[in-house]
Amino acid sequence: MATKEAHSRANIEYNRRQDNIMIRPSKEMGAIIRQSAAAENMSVQGYVLQTLYARTGATGGGVVKNPETGSLSLEQRSCLISPDREKILRDILQDIVLNTAPGERNALSEMLVQIINESIEQNADSVYQTMTDSLL
């Protein structure tokens, strides 16, 4: 019984420290957000918080504390790439690096950074605009 009471007190204290913001996207946008979160193996709350951290440049986004996903001791580092996608990228990059001469790896690194930056510039605005439009 003491554990249950301690847990209740901890929950109450946690809720006092947290803000509560409700959003009401359209059904279509809600489905997109849910699908995107699922694709990243994240809860909707974690996905939205991570997106807002990235968009606003806020600090403290390294770990998204999200009780929806289970025990806080099982928290995962907040990232924009799911573990599955990260593994795929690492496999692809390993193949590319192994087939690149050691003297050309700095140029390879610069090229990969350029590709990433171009992809972000080309696609970021449309994703955030769609989410923003649904929230307004």
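# Briefing: a five-helix predicted model

S43 counts as buried, because its relative accessibility is 12%, and the cut-off for buried is under 20%. That makes a handy way into this model, which is predicted. S43 sits in the loop between α2 and α3, and those two helices also turn up in the largest nonpolar core. The protein chain has five helices and zero strands, with a mean pLDDT of 78.

**Overall layout**

- Reading from the N terminus, the elements of the protein chain go α-α-α-α-α.
- Of the 136 residues in the protein chain, 16% are buried.
- About 11,000 Å² of the protein chain is exposed, and carbon and sulfur atoms supply 55% of that area.
- Take the contacts in the protein chain with a separation of 6 or more: 41% of them come from residues 24 or more positions apart.

**How far to trust it**

- In the protein chain, 74% of the residues reach a pLDDT of 70 or more.
- Confidence is highest in α2, at a mean of 90, and lowest in helix α5 (residues 105–135), at 76.
- Over residues 67–77 the pLDDT drops below 50, though the stretch still has 13 contacts in the model beyond near neighbours in sequence.
- Where pLDDT is low, it's best not to read the predicted coordinates in detail.

**The largest nonpolar core**

- Five residues form this core: M29, I33, A37, Y47 and V48.
- The elements giving two or more residues to the core are α2 (27–39) and α3.
- With three residues, α2 gives the most to this core.
- As a general point, nonpolar side chains tend to be buried together in soluble globular proteins.

**The loop between α2 and α3**

- Besides S43, this loop holds N41.
- N41 isn't a glycine, yet its phi is positive, at about 55°.
- For context, most residues other than glycine have a negative phi.
- S43 also reaches towards the next helix: a polar atom of its side chain lies 3.0 Å from the backbone nitrogen of G46, and G46 is one of the buried residues of α3.

**Helix α3**

- α3 covers residues 44–56, so 13 residues in all, and runs 18 Å from its first C-alpha to its last, close to the 18 Å expected at 1.5 Å a residue.
- Its buried residues are G46, Y47, V48, Q50 and T51. Y47 and V48 are among the members of the largest nonpolar core too.
- Q45 is also in α3, but counts as partly exposed because its relative accessibility is 30%; partly exposed lies between the buried cut-off, under 20%, and the exposed one, over 50%.
- Measuring C-alpha to C-alpha in the model, Q45 and R34 are 9.6 Å apart in space and eleven residues apart in sequence.
- After α3 comes G57, with a positive phi near 75°.

**Helix α1**

- α1 takes in residues 2–17, which is 16 residues, and spans 23 Å from first C-alpha to last, close to the 22 Å expected at 1.5 Å a residue.
- This helix is hardly covered: among its 16 residues, the count of buried residues is one.

**V97 and its contacts**

- V97 belongs to helix α4 (residues 83–98).
- V97 is partly exposed, because its relative accessible area is 31%.
- Leaving out residues up to four places away in sequence, V97 touches R105 and L108.
- V97 and L108 are eleven residues apart along the chain, and their C-alpha atoms are separated by 8.0 Å.
- Those contacts link to α5, whose residues are 105–135. Keep in mind that α5 is where confidence in the protein chain is lowest, at a mean of 76.

Terms used. Residues are numbered from 1 along each chain as its sequence is written. This is a predicted model: local features need pLDDT of at least 70, side-chain atom pairs count only at pLDDT 80 or more; totals for chains, interfaces and linings use all residues. Side-chain values use heavy atoms; hydrogens and water are left out. Helices (H or I, at least four residues) and strands (E, at least two) are DSSP runs, numbered from the N terminus. Buried means under 20% relative accessible area, exposed over 50%, partly exposed in between (1.4 Å probe, protein chains only). A nonpolar core is a set of buried Ala, Val, Leu, Ile, Met, Phe, Trp, Tyr and Cys residues joined through side-chain atoms within 4.5 Å. pLDDT is the predictor's confidence in each residue, from 0 to 100. Contact means heavy atoms within 4.5 Å. A polar contact is a pair of N or O atoms within 3.5 Å; within protein, one must be able to donate a hydrogen and the other to accept it, and residues adjacent in sequence count only if both atoms are side-chain atoms. Accessible areas come from the Shrake-Rupley method with a 1.4 Å probe; for residues, only the protein chains shown count as cover.
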